Amino acid sequence: MDKEISKNLPREDDEETINLISSLPSDIDFEGTKLFKYQGCWYNEKTLQAILSFQRDFEPQDTDIIVASFPKSGTTWLKALTVALLERSKHSSDNHPLVLENPHSLVPFFELRLYLKSSKPDLSNISSSPRLFSTHVPFQTLKEGLKNSPCKIVYVWRNLKDVLVSFWYFKCANQEIEEAKNSLESMFESFCTGVSYYGPFWEHVLSYWRGSLEYPKHVLFLKYEELKTEPHAQLKKLAEFLGCPFTLQEEENGSLEEILDLCSFSNLKNLEINKTGRTPGGVDHKNFFRKGQVGDSKNYLTPEMEKRIDMIIEDKFRGSDIKF
Ligand code: PAP
């Protein structure tokens, strides 16, 4: 996620967009930001303008690959794994794209980067085939922008409690004001009601879960915690889904281990580009790499908070085979 979302950028949007936004249900989030509900999820005005532009303007190519997620669910890691998979055996270790660039620069967000400043960005300089893009919008909104193109979508989801704490930390790190540090409780409340940036979380995850059942060749549904516990199996699944499975020889030569090592939390975190670089929106790359652990939320949420989240999850995910 990029801090550009909070910048007040001048942008010319047509009357249709302005009218549409003003006709949507709106609410105020825990920070006092006005959010609008569009196709089931909540966005601030700038993000929504960019989403509408993306849906209208984007011209997909059949080979495009989209990395999708709810914020703080493992996006950076999945971007890195996807790049490493597709670029395997093309680079030496010191000129690998992941050594030279942050994963978010290599796989740009539609609504937080490309369509943020312009309703018709020039994408002609994105030449690599396949082109890689990313998004935090839910499946129905992405699908509209992809206009029935047979693109591949890889979605990663993560335990809501860890997402909440990761999101809160990211906010604290990116906010000048001290108040962020006191905001965990109010952020928790907004996650629970669903009126949160890109929320409700459950609608988001369920949208891609349904998408993966309906279009199994086009939507892959991955879980952060499984990437952690069985990285080899998940990486092979990703490679097969993207149409570039590992050969037996690659498996024997340690190609999987090489990719997993390159994209490991500690390796990415310690690369110079990620220690010192910044996104164009002013986010320090280092803020995308905090702890990278499963269950760290235990150290921040009270038993009451955990219980409330457990109840929400039980309620919202009933009838799906999604297991937390
Ligand atoms: P984004 O939505 O802003 O792009 P995203 O990458 O989805 O963020 O999530 C960041 C989380 O992924 C952080 O989790 P934490 O706060 O619980 O630590 C970050 O540490 C974690 N992360 C980043 N890179 C990796 C990686 N290579 N392996 C495992 N976890 C990672």
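In this short talk I will go through two helices and a group of paired strands in the structure above.

Please keep in mind that this is a predicted model, in which local features need pLDDT of at least 70, side-chain atom pairs count only at pLDDT 80 or more, and totals for chains, interfaces and linings use all residues. Residues are numbered from 1 along each chain as its sequence is written, and side-chain values use heavy atoms, with hydrogens and water left out.

Let me begin with strand 6, where strands (E, at least two residues) and helices (H or I, at least four) are DSSP runs numbered from the N terminus. Five of the six residues of strand 6 are buried, so this strand is largely enclosed by the rest of the structure; buried means under 20% relative accessible area, exposed over 50%, and partly exposed in between, with a 1.4 Å probe and protein chains only. Strand 6 runs parallel to strand 4, residues 65-69, and five bridges join them, with Lys152 of strand 6 as the bridge partner of Ile65. Strand 7 also pairs with strand 6 in the parallel sense, over five bridges, and there Phe221 is the bridge partner of Tyr155; to pair, two strands need at least two bridges found by DSSP.

Which residues of helix 12 are buried? In this helix, residues 231-241, they are Gln234, Leu235, Leu238, Ala239 and Phe241. They lie on the same side of helix 12, because they cover an arc of only 165° around the axis, taken from the directions from the helix axis to the C-beta atoms. Just after helix 12, Gly243 has a positive phi of about 80°.

Finally, helix 10 is mostly covered, with 10 of its 14 residues buried, among them Trp202 and Trp209.
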